[in-house]
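Colleague: I'd like to get my bearings in this fold before going back to the bench. Could you walk me through it?

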Amino acid sequence: MGTKSVRVSEDQYCCYRRLENNGIRVIWELTGRCNLRCKHCFVNKKEKNTDIEKSVALKICRELCECEVDKVMITGGEPLLYKYLPDVISYLRRNSSMIIDITTNGILFTDEMIDLFSQVGIDELSVSLDGPSEIYRKIRGEDDLEIVLRNVKKLSSAGVQVDAIMTVNRINQKFVEKTIELAYDNCFASITISNLLKLYNSEFDYDQLCLSVDELTALKVLIDKQRQIFGSTFPIRSVGFSDVRGTNKICVKCNNPSLYAIDREGMMLKCLNANHDDIMRVNLRDHTVLESMQIIDRGNAVRCFMA
């Protein structure tokens, strides 16, 4: 397909990195399970123990390839907990040239999985990085940062580029500079600094963790200064800082006709961040990926909770 994601220092309103050709992107939630219980996340290790069945996953893989999706963004939960992840990424790579993007907390990598990611050629691998060790532990409840950094170095040595993701909240807001330096010093290829996303089913106290408009404005100034320091050698992307006047929500401008999502139950919808009570969901056991996209498009299906 010849397209690629844009890895540059810029402000964006969408948490998913854009494509040069604005092609079709599909977010795919393979599992609802996670090995962590992060204070700012809507997924935790005690709930949502749902995995998409292997047969359905492979059906979806085949149909994603047939309808020439430009990019698939694999997420969870924690996708490395999904037993059939090797089957999924291997099928996609054998049968398409689409960009394969995976977001993970980076803890569960084995040497075998690192070898697979290198052999398959994972195009984008995003790993959560909340701050230095004491901040990481406060947010994630586990002292696993050294494991994450060790895995990132192994992945980088194997030729897999890893991008850091920092979700800014009241716990880590004073550690943005240190986190950028931590990413730069530990083989990350770039960092994305994202405003905290409020979901309709979030179980954390959003109002307690979110930053004020003034705090976000000050952070944007700091991020711009860091961009000047690092230049083009280390891209610093920010999400949710482009227009913070009167809102501290991200995704508020998103109405992307080329973005779709598949949840852990095998249902296609417009966005995983939308209101599941009101949004159209199409069962991929009964319809192909292409049919489901057409049904969603005809139905004007997105009623985002952010709107």
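Modeller: Sure, and keep in mind that this is a predicted model. A good place to start is helix H6 (residues 176–185), which lies across E6, E7 and strand E8 (236–239).

Colleague: What angle does H6 make with E7?

Modeller: H6 lies across E7 as well as E6 and E8. Its run relative to E7 is at about 150°.

Colleague: And how do E6 and E7 pair, parallel or antiparallel?

Modeller: Strands of a sheet can pair either way, through backbone hydrogen bonds. Here, E6 (residues 162–168) and E7 (residues 190–195) share six bridges, with Ile165 standing opposite Thr192 in E7. The sense of that pairing is parallel.

Colleague: Which strands are at the edges of the sheet?

Modeller: The sheet is open, has 11 strands and mixed pairing, and its order is E1-E8-E7-E6-E5-E4-E3-E2-E9-E10-E11. An edge strand here pairs on one side only. That gives strand E1 (11–12) and strand E11 (282–283).

Colleague: Which strands does helix H1 touch?

Modeller: H1 (residues 54–66) packs on the sheet, and its direction makes about 175° with that of E2. The strands touched are E2 (25–29), E3 (71–75) and E9 (259–262).

Colleague: How are H2 and H3 oriented to each other, roughly parallel or roughly perpendicular?

Modeller: The axes of H2 (residues 85–95) and H3 (residues 111–120) come within 10 Å and cross at roughly 10°. Angles under 35 degrees count as roughly parallel. So H2 and H3 are roughly parallel.

Colleague: Which residues make that contact?

Modeller: By type, they divide into seven nonpolar, one polar and one charged. H2 brings Leu85, Pro86, Ile89, Ser90 and Arg93, and H3 brings Met113, Leu116, Phe117 and Val120.

Key
Residues numbered from 1 in each chain as written. Predicted model: local features only at pLDDT ≥ 70, side-chain atom pairs only at ≥ 80, totals over all residues. Heavy atoms only, no water. Axes fitted to C-alpha atoms, helices over the stretch in contact; angles between N-to-C directions. Helix = DSSP H or I, 4+ residues; strand = E, 2+ residues; numbered from the N terminus. Parallel < 35°, antiparallel > 145°, perpendicular 65-115°, else oblique. Contact = heavy atoms within 4.5 Å. Nonpolar A, V, L, I, M, F, W, Y, C, P; charged D, E, K, R; others polar. Pairing = 2+ DSSP bridges.
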